[in-house]
Amino acid sequence: MSDFTWSYSALKEYENCPKKYYEIRVAKTYTVIPSEKMIYGTEVHKALEDYVKDGKELALNYLRFKGAVDELIAIPGEKYAEHEMALGKDKSPCAFDDPNRWVRGIVDLLIVDNDYAFIVDYKTGSNRYPDPKQLRLMSLMAFAHFPQVNKIKAGLLFVMHNTFITEEYKREDIASSWGKFTVSLARLDNSYITNTWVANSTPLCRFCPVKTCEFNRT
Ligand code: SF4
């Protein structure tokens with residue numbers, strides 16, 4: 001395996017378009033300029049982090065999220081807001097900034113109650129196409145970092161719609177969960193080894209910052 005590091009968002013970006021992944025994350029020829037939606041999402045995450053971690057009152061425009069978050073805070077167990085986790089290539093836990101890390105991610109809210117844990121990912125966008133696969137990766141990291149945890153309930157909380165998409169993971173399913181990432185990681189590995197980054201033209205190309213791509217017609 002080549003020597004790359006990854007996160008769920010990086011792997012997803014690669015799956016969507018290897019060329020875009022390369023230009024932004026490897027060659028660093030272009031950077032993503034945050035959209036208004038992205039900036040809003042970052043601000044909501046920070047407000048909810050401060051509310052859960054320090055009890056800082058939510059600003060008036062975020063009070064609509066209070067009820068849903070209060071229900072989560074009421075769940076028994078140790079709360080970890082915006083909790084950073086990383087694993088080495090052997091899938092053992094390591095520090096988030098470990099130079100030998102392989103994969104890492106940040107859980108918006110992790111609650112650990114003895115052998116049971118909750119993972120919550122706040123979403124400020126549409127709930128039309130939920131992607132729970134990132135919850136699977138977060139659960140794999142949580143199982144590694146919290147060896148006493150045997151079962152995890154994980155959910156995408158669409159705060160604008162007050163809907164919750166949930167999944168459950170068990171420690172005995174760790175191997176099969178890693179298997180869900182095998183094909184994508186093998187493709188990414190092969191791209192690094194062969195330095196091959198194929199463009200994948202989709203309607204999203206018009207939002208892409210890679211202006212030199214033949215499929216970018218903005
Ligand atoms: S314009 Fe489209 S095909 Fe080209 S790099 Fe961007 S996302 Fe990929």
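The lining of the largest cavity comprises six nonpolar, one polar and two charged residues; Ala, Val, Leu, Ile, Met, Phe, Trp, Tyr, Cys and Pro count as nonpolar, Asp, Glu, Lys and Arg as charged, and the others, Gly among them, as polar. The model is predicted, with local features requiring pLDDT of at least 70 and side-chain atom pairs pLDDT 80 or more, while totals for chains, interfaces and linings use all residues. Residues are numbered from 1 along each chain as its sequence is written, and side-chain values use heavy atoms, without hydrogens and water.

A search of the whole structure yields one cavity of 30 Å³ or more. A cavity is a set of points on a 1 Å grid over the protein atoms alone where a 1.4 Å probe fits but cannot get out, and lining residues have an atom within 4 Å of a point. Ile-106, Val-107, Asp-108, Ile-119, Val-120, Asp-121, Gln-134, Leu-135 and Met-138 line the largest cavity.

The ligand is surrounded by Cys-17, Lys-20, Ala-199, Asn-200, Ser-201, Cys-205, Cys-208, Cys-213, Phe-215 and Asn-216, each with a heavy atom within 4 Å of the molecule.

The axes of helix H1 (residues 8-16) and helix H2 (residues 18-26) come within 5 Å and cross at roughly 130 degrees. Ser-9, Ala-10, Glu-13, Tyr-14 and Asn-16 in H1 meet Pro-18, Lys-20, Tyr-21, Ile-24 and Arg-25 in H2, contact being heavy atoms within 4.5 Å.

The remaining class compositions are as follows.

| Site | Nonpolar | Polar | Charged |
|---|---|---|---|
| Shell around the ligand | six residues | three residues | one residue |
| Contact of H1 with H2 | five residues | two residues | three residues |

How values were computed. On a 1 Å grid over the protein atoms alone, a cavity is a set of points where a 1.4 Å probe fits but cannot get out, and a pocket is an open set with protein on both sides within 12 Å along at least five of seven lines; lining residues have an atom within 4 Å of a point. Grid points are joined across faces, edges and corners, and a volume is the space filled by probe spheres set on the points. Axes are lines fitted to C-alpha atoms, for helices over the stretch in contact, and angles run from 0 to 180 degrees between N-to-C directions. Helices (H or I, at least four residues) and strands (E, at least two) are DSSP runs, numbered from the N terminus.
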